[in-house]
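Please explain how this protein chain is put together, moving from its aromatic rings to its helices and strands and then to the chain as a whole.

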Amino acid sequence: MNLEAFILGCGGMMPLPNRHLTSVLLRREGELFLFDCGEGTQVSLRRLNLRWKKISVIFISHTHADHVTGIPGLLMLSSQVDRDEPLYIIGPPKIAEYIEASRRVLDMYINYEIIVQEITSPGIVYKGDGFHVRCFPLSHTKPCYGYTLEEDKRPGEFHPQKAEELNIPMGKLWGKLQKGETVQTPDGREIKPDQVMGPIRQGRKFSFVTDSLALPEISTHVIGSDLFICEGMFAQELAEDAHSKKHMTAEEAAKIAAASSGVKKMALIHYSPRYTEHELKQLLAEARAVFPETVLTKDRAVFPIEYAD
């Protein structure tokens, strides 16, 4: 099952010609999930040829303009592509007010169901087939949340040779064992899955954190992330400025990744517009000095998220 992250926008505060505002789309097989929806989201969706009507849920970190201004256009666009399924929008307090005000003021024509859920406490906010999405609080100038999408554990690898050695007929019994069911053979023997299966395997994990002070507890939430997307808005020389605005530096983001066991890759996002593309290398260098498996995101970059085993 494919899992991949598409960077639709990597900028913060204001859009630039080559840097739309923060937005990340996660595709899990045919299902799409959007994390934040900054200005320019539609442009990247179109250029990547992604089917936006397949977006099931939009997860919003907070209601600052650079994270939500792409929503109205996306809602109206979805009315033009014969959307049948409801669209969930999950975010902090006031996200429902923003959606309702946008619909009313713009007199939107919406021909599908929009279900808005405001977060009242940390925890699981969405469950799907074989995965769940959890939110956790960040520290910004408005209520703000980070998110993790984590897949359920997978059965171990099936070993046909072991099944043959146990004289288990090929067919339905093999299928049941692979699903974790105990079976009975035609000759009356009871066979348990662990007799023909390897150890339980982990699913994949994606984490999204932006617009926050570098809280130590973030590390506990992003443990084991195959891809950890985190803001790295400023270089360390501007740490004081970052903290006054309740943001973190690239180095601080790297310290969170380093303190989180099992993080395989961190991708920086939400850069200050003060940095040119060339100057972003400074942020990368500062982060890699702490957490070597750091990369820079850029608009329309794609990050495949593979199984560890």
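In this predicted model, ring pairs link Phe33, Phe35, Phe59, Tyr88, Tyr126, Phe131, Tyr147, Phe206 and Phe208 into a cluster. The structure holds 11 aromatic pairs, and two of the pairs can be followed in detail. A pair of aromatic rings is described by the distance of the centres and the angle of the planes. For Phe35 and Phe59 these values are 5.0 Å and 20°, and the pair is stacked. Phe35 belongs to strand E3 (residues 31-35) and Phe59 to strand E4 (residues 55-59), so their pairing ties together parts of the chain that are 24 residues apart in sequence. Both Phe35 and Phe59 are buried.

The pair formed by Tyr88 and Tyr126 has another geometry: the ring centres lie 5.9 Å apart and the planes stand at 65°, so this pair is edge-to-face. It too links distant parts of the chain, since Tyr88 sits in strand E5 and Tyr126 in strand E7 (residues 123-128), 38 residues apart. As for accessibility, Tyr88 has a relative value of 23% and therefore counts as partly exposed, whereas Tyr126, at 14%, counts as buried. The cut-off that separates the two classes is 20% relative accessible area, because buried means a value under that figure.

Aromatic rings also meet charged side chains in this model. Arg83 lies over the face of Tyr112, at 5.5 Å from the ring centre, and Arg204 lies over the face of Tyr307, at 3.8 Å from the ring centre.

Strand E5, which holds Tyr88, leads on to a unit of strands and helix. E5, helix H4 and strand E6 make a right-handed β-α-β unit, in which E5 and E6 run parallel and are joined by five bridges. Within this pairing, Leu87 stands opposite Ile114 in E6.

Which residues of helix H4 (residues 95-105) are buried? They are Ile95, Ile99 and Ser102, and they cover an arc of only 65° around the axis, which puts them on the same side of H4. The spacing fits a general property of helices: an α-helix has 3.6 residues a turn, so residues three or four places apart point the same way. The face of H4 turned away from this buried side carries the exposed residues Glu97, Arg104 and Val105. What covers the buried residues of H4 includes helix H2 (65-68), helix H3 (71-78), strand E5 (87-91) and strand E6 (114-118), and both strands of the β-α-β unit are therefore among the elements that cover the buried residues of its helix. After H4 comes Asp107, whose phi is positive, near 50°.

Helix H3, one of the elements that cover H4, has its own buried residues. Seven of its eight residues are buried, so H3 is largely enclosed by the rest of the structure; the buried residues are Ile71, Pro72, Gly73, Leu74, Leu75, Leu77 and Ser78. Pro72, which lies in H3, counts as buried because its relative accessibility is 11%. Setting aside residues up to four places away in sequence, Pro72 touches Tyr98, Ser102, Leu106 and Met108, and Ser102 is also one of the buried residues of H4. Between Pro72 and Leu8, which are 64 residues apart along the chain, the C-alpha atoms are separated by 16 Å.

A buried loop residue offers another view of contacts across the sequence. Leu50 is found in the loop between helix H1 (41-47) and E4, and it is buried, with a relative accessible area of 5%. Leaving aside its neighbours within four places in sequence, Leu50 is in contact with Phe6, Leu8, Leu25, Arg27 and Leu45. Of these partners, Phe6 is 44 residues away from Leu50 in sequence and 9.6 Å away in space, C-alpha to C-alpha.

The chain as a whole can now be described. The secondary structure comes to 10 helices and 16 strands, and the C-alpha atoms fill a box of roughly 70 × 50 × 35 Å, taken along the principal axes. Buried residues make up 51% of the 309 residues in the protein. Among contacts between residues at least 6 apart in sequence, 64% join residues at least 24 apart.

Notes:
Residues numbered from 1 in each chain as written. Predicted model: local features only at pLDDT ≥ 70, side-chain atom pairs only at ≥ 80, totals over all residues. Heavy atoms only, no water. Buried < 20%, exposed > 50% of the residue type's maximum accessible area, 1.4 Å probe, protein only. Helix = DSSP H or I, 4+ residues; strand = E, 2+ residues; numbered from the N terminus. Arc of directions from axis to C-beta. Contact = heavy atoms within 4.5 Å. Phe/Tyr/Trp six-rings, centres within 6.5 Å; stacked < 30°, edge-to-face > 60°. Lys NZ or Arg CZ within 6 Å of the ring centre and 35° of its normal. Pairing = 2+ DSSP bridges. Right-handed = clockwise from strand over helix to strand, strands pointing away.
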